[in-house]
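This briefing covers the ligand site, the enclosed and open spaces, and two local backbone features. Please keep the sequence and the 3D structure in view while reading.

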Amino acid sequence: MNGNFNMKRQIPIAKPLLGREEEDAIRGVLRSGMLVQGKQIKAFEEAFADYIGVEHAVAVTNGTIALDLALKALKLDLGDEVIVPAFSFIATSNCVLFHGAKPVFADIDQKTFNIDPADVNEKVTGKTKAIIPVHLFGQPAKMDELKEIAQDHEIYVIEDAAQSHGAEYKEQKTGSLGDIGCFSFYATKNMTTGEGGMITTNNSEVTKRIRLLRHHGQTEKYHHTIIGYNYRMTELSAAIGLVQLGKLEERNEKRMKNAEKLDEGIENLHGLTPPYVEEYAKHVFYQYVVKVEDDYPLERNKLADHLKEMGIGTAVHYPMPIYKQSAYRKLGYDKKICPVTEESCRRVLSLPVHPSVNEKDIQYITAKLQTQSFS
Ligand SMILES: Cc1ncc(COP(=O)(O)O)c(C=O)c1O
């Protein structure tokens with residue numbers, strides 16, 4: 001110790017915002033003694049369906065399970081194919097493997113990182129049963145084009161909306177655009193229940209089946225009509241979710257404002273490409289992802305190291321295409337299937353954009369992206 005205080009700012013890449021209201025809500029549940037299958041779940045499901053603009057919402061244990069149940073509800077079978085992006089969190093394609101079906105990887109648009117409808121079209125075969133677009137980083141995928149492909153081939157669209165709570169495509173919320181929407185409420189998401197997930201749909205039959213599958217196929221106490229699971233959310237999680245949902249719009253606004261300020265700070269920096277926002281999109285910035293180009297003075301990982309040194313948390317979403325993960329190589333996926341995905345994996349860097357990031361933080365971040373700060 002040399003006696004100097006370390007005055008460096010510390011800006012984490014994510015920070016769950018939980019406070020007094022969540023505490024009160026949890027205390028209420030604990031006092032009620034009703035920890036499962038009570039009023040909170042029903043209220044959370046109704047409020048979420050209402051917010052998204054769908055008829056039904058079913059709360060489940062997490063986003064991975066939401067995707068799993070969505071595919072189960074569509075009766076996905078051995079040998080079926082499902083088209084997914086390779087540039088996503090691994091759950092997007094793992095859920096296909098859970099059913100003995102085959103994830104077929106489509107490439108992404110180089111500006112938005114979202115799945116490229118033209119490549120999806122190329123990848124459709126007679127065995128394709130569904131497409132799972134991810135609204136990556138909080139920006140909706142090109143839903144009109146994807147839905148047209150789906151209609152032409154009579155296949156389903158399951159939205160992976162794990163990163164897009166409140167995002168809009170042509171003024172319609174993600175999770176209401178395809179056949180089924182799947183959300184995650186993991187701790188770092190725009191709204192959280194710790195762990196948690198939600199399935200959204202306008203299809204009553206699908207909802208009925210998902211509710212059955214979530215609860216051991218039980219139609220009445222100890223009468224089970226199909227083989228199901230226990231994928232239920234707890235009342236505690238739902239109570240937190242209700243509070244978080246009430247704060248979502250305001251927090252998304254803050255994320256969007258932060259993104260705007262980051263854009264301004266990055267605009268004149270040669271070699272850093274800020275996120276591209278589509279005309280049709282309300283992008284809710286789950287992540288603010290820049291591309292570190294060849295003419296930037298530091299290579300991506302070196303820049304991440306430099307920012308870490310300066311107290312700024314960053315992340316790489318995602319360092320490799322899903323098919324290059326060793327779990328997938330073991331399944332035989334070893335070819336260079338998606339060139340734009342591969343290139344993006346080398347260049348992307350997520351900077352802090354969450355609602356706790358303030359104006360001074362943003363000035364600090366953008367200052368540390370300037371060449372002068374490297375020495
Ligand atoms: C795109 C995407 N899909 C699926 C998931 C899975 O959600 P969960 O972590 O709640 O299981 C996540 C969450 O991290 C995600 O980002």
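On a 1 Å grid over the protein atoms alone, a cavity is a set of points where a 1.4 Å probe fits but cannot get out, a pocket is an open set with protein on both sides within 12 Å along at least five of seven lines, and lining residues have an atom within 4 Å of a point. In these terms, the second largest pocket is lined by 14 residues, among which Gln37, Ile41, Arg211, Arg214 and Arg232 lie nearest its centre. The model is a predicted one, in which local features need pLDDT of at least 70 and side-chain atom pairs count only at pLDDT 80 or more, while totals for chains, interfaces and linings use all residues. Residues are numbered from 1 along each chain as its sequence is written, and side-chain values use heavy atoms, with hydrogens and water left out.

**Ligand site**

- The ligand is surrounded by 15 residues (a residue is near a molecule if one of its heavy atoms lies within 4 Å of it), and the closest of them are Gly63, Thr64, Asp160, Ser184 and Lys189.
- Polar contacts are pairs of N or O atoms within 3.5 Å; in one pair, an oxygen atom of the ligand lies 2.8 Å from a polar backbone atom of Gly63.
- Side chains also take part, with an oxygen atom of the ligand 2.9 Å from an N or O atom in the side chain of Gln163, and an oxygen atom of the ligand 2.9 Å from an N or O atom in the side chain of Lys189.
- Of the 390 Å² that the ligand exposes when taken alone, the protein buries 92%, where accessible areas come from the Shrake-Rupley method with a 1.4 Å probe.
- Helices are DSSP runs (H or I, at least four residues) numbered from the N terminus; α3 (63–73) and α4 (91–97) each supply at least two residues of the shell around the ligand, and the largest share, 3 residues, comes from α3.
- By class, the shell around the ligand has 5 nonpolar, 8 polar and 2 charged residues, with Ala, Val, Leu, Ile, Met, Phe, Trp, Tyr, Cys and Pro counted as nonpolar, Asp, Glu, Lys and Arg as charged, and the others, Gly among them, as polar.

**Pockets**

- The ligand takes up the space of the largest pocket, given that a molecule sits in a cavity or pocket if more than half of its atoms lie within 2 Å of its grid points.
- The largest pocket has a volume of about 390 Å³, a volume being the space filled by probe spheres set on the points, which are joined across faces, edges and corners.
- The lining of the largest pocket comprises 24 residues, of which Phe89, Ser184, Tyr186, Lys189 and Tyr286 lie nearest its centre.
- The elements that give two or more residues to the lining of the largest pocket are α3 and α4, and α3 gives the most, with 3 residues.
- Divided by class, the lining of the largest pocket has 11 nonpolar, 10 polar and 3 charged residues.
- The second largest pocket has a volume of about 200 Å³, and its lining has 4 nonpolar, 4 polar and 6 charged residues.
- Both α2 (39–52) and α7 (204–214) supply at least two residues of the lining of the second largest pocket, with the largest share, 4 residues, coming from α7.

**Cavities**

- A search of the whole structure finds 2 cavities of 30 Å³ or more.
- The largest cavity has a volume of about 150 Å³ and is lined by 20 residues, of which Lys15, Thr188, Lys189, Arg255 and His354 lie nearest its centre.
- Helix α8 (residues 235–266) gives the most to the lining of the largest cavity, with 3 residues, and that lining divides into 10 nonpolar, 6 polar and 4 charged residues.
- The second largest cavity holds about 60 Å³ of space, and the residues that line it include Lys111, Phe137, Tyr276 and His283.

**Backbone features**

- His317 and Tyr318 are joined by a cis peptide bond with omega of about 10°, and Tyr318 lies in the loop between α9 (300–309) and α10 (326–329).
- Gln37, found in the loop between α1 (20–32) and α2, has phi near 50°, a positive value in a residue other than glycine.

Technical notes
Polar contact = N/O pair within 3.5 Å; in protein donor to acceptor, adjacent residues only side chain to side chain.
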